[in-house]
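Colleague: I should like to go through this model with you before I return to the bench. Could you begin with the terms you use?

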Amino acid sequence: MAWEKSPQDLAERFGRVLDRFPEAERRKMFGYPAAFVGGNMVTGLHQRDWVVRLPEDQQEAARAEGATVFEPMPGRPMKNFVALPASVIADEEGVARWVERAVGHGKTLPPKR
């Protein structure tokens, strides 16, 4: 099954939110926009999903708001990533708060070479 491109408005929102985080390096992951800190992916788009990497203690808070485990392929979850609910994605300030948490978490991870 072919993956669909992220909607243009979502990709534009991703760019606007990431403008707030100059320390995050923008690259592609799975062909979608993504951001990395120290070589570690911290946030990105996948089809209509916006995903963030969070420490375990923040994943529960995200799930309480409706986030789900991120599985780019069925049965293959990405550890420590959650897909934000549509209600959060639609709110640019709300999604920026989760991206801020993800970027902050990325700063605590060992850099990748």
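Modeller: Certainly. A residue counts as buried under 20% relative accessible area, as exposed over 50%, and as partly exposed in between. Please keep in mind that this is a predicted model.

Colleague: Understood. Where does Arg48 fall, buried or exposed?

Modeller: Arg48 has 56% relative accessibility, which is over the 50% cut-off, so Arg48 counts as exposed.

Colleague: And which residue does the Arg48 side chain meet in a salt bridge?

Modeller: The partner is Glu4, with a distance of 3.2 Å from N to O. The pair links distant parts of the chain, 44 residues apart: Arg48 is in the loop between strand 3 (40–46) and strand 4 (49–53), and Glu4 is in the segment before helix 1 (8–18). Glu4 counts as partly exposed because its relative accessibility is 37%.

Colleague: How many salt bridges does the structure hold?

Modeller: The structure holds ten. One of them joins Glu23 and Lys107, whose closest N and O atoms are 3.2 Å apart. Glu23 lies in the loop between helix 1 and strand 1 (25–29), and Lys107 lies in helix 4 (residues 92–108), so this pair ties together parts that are 84 residues apart in sequence.

Colleague: What is the accessibility of Lys107? And of Glu23?

Modeller: Lys107 has 54% relative accessibility and therefore counts as exposed. Glu23 has a relative accessible area of 37%, so Glu23 is partly exposed.

Colleague: Which residue pairs with Arg97?

Modeller: Arg97 forms a salt bridge with Asp91, and their closest N and O atoms are 4.0 Å apart. Both partners are partly exposed, Arg97 at 47% relative accessibility and Asp91 at 36%. Elsewhere, Arg16, Arg20, Glu92 and Glu93 are joined into one network by salt bridges that share partners.

Colleague: Let us turn to the fold. How many helices and strands are there?

Modeller: The protein has four helices and six strands. Their order along the sequence is α-β-β-β-β-α-β-β-α-α.

Colleague: What is the radius of gyration, and what would a compact globule have?

Modeller: The protein has a radius of gyration of 13 Å, which agrees with the value near 13 Å for a compact globule of 113 residues. Along the principal axes, the C-alpha atoms fill a box of roughly 35 × 30 × 25 Å.

Colleague: What share of the residues is buried?

Modeller: Buried residues make up 47% of the 113. As for contacts, among those with a separation of 6 or more, 56% come from residues 24 or more positions apart.

Colleague: And what about the surface and the charges?

Modeller: The accessible surface comes to about 6500 Å², and carbon and sulfur atoms account for 51% of that area. The protein has 17 positive and 16 negative charges, and the mean positions of the two sets are 6 Å apart.

Colleague: Back to the interior. Which residues of helix 1 are buried?

Modeller: They are Leu10, Arg13, Phe14, Gly15, Val17 and Leu18. Their cover includes strand 1, strand 2, strand 3 and strand 4, together with helix 3 (86–89) and helix 4.

Colleague: Is His46 buried or exposed?

Modeller: His46, which is found in strand 3, has a relative accessible area of 2% and therefore counts as buried. Leaving aside residues up to four places away in sequence, His46 touches Trp3, Ser6, Phe30, Tyr32, Phe70 and Pro72.

Colleague: Phe30 is on that list. Where is Phe30 found, and what is its phi?

Modeller: Phe30 is found in the loop between strand 1 and strand 2 (32–37). Its phi is positive, about 60 degrees, although Phe30 is not a glycine.

Colleague: Why does that deserve a remark?

Modeller: Because most residues other than glycine have a negative phi. As for its exposure, Phe30 is partly exposed, with a relative accessible area of 34%.

Colleague: What is the phi of Gln47?

Modeller: Gln47 has a positive phi of about 55 degrees, and Gln47 is not a glycine. This residue lies in the loop between strand 3 and strand 4. Gln47 counts as buried because its relative accessible area of 18% is under the 20% cut-off.

Colleague: Thank you. That covers my questions.

Note on methods. Residues are numbered from 1 along each chain as its sequence is written. This is a predicted model: local features need pLDDT of at least 70, side-chain atom pairs count only at pLDDT 80 or more; totals for chains, interfaces and linings use all residues. Side-chain values use heavy atoms; hydrogens and water are left out. Helices (H or I, at least four residues) and strands (E, at least two) are DSSP runs, numbered from the N terminus. The radius of gyration is taken over C-alpha atoms; the globule rule is 2.2 Å times the number of residues to the power 0.38. Buried means under 20% relative accessible area, exposed over 50%, partly exposed in between (1.4 Å probe, protein chains only). Contact means heavy atoms within 4.5 Å. Accessible areas come from the Shrake-Rupley method with a 1.4 Å probe; for residues, only the protein chains shown count as cover. Lys and Arg count as positive and Asp and Glu as negative; His and the chain ends are not counted. The place of a charge is taken as NZ of Lys, CZ of Arg, CG of Asp or CD of Glu.
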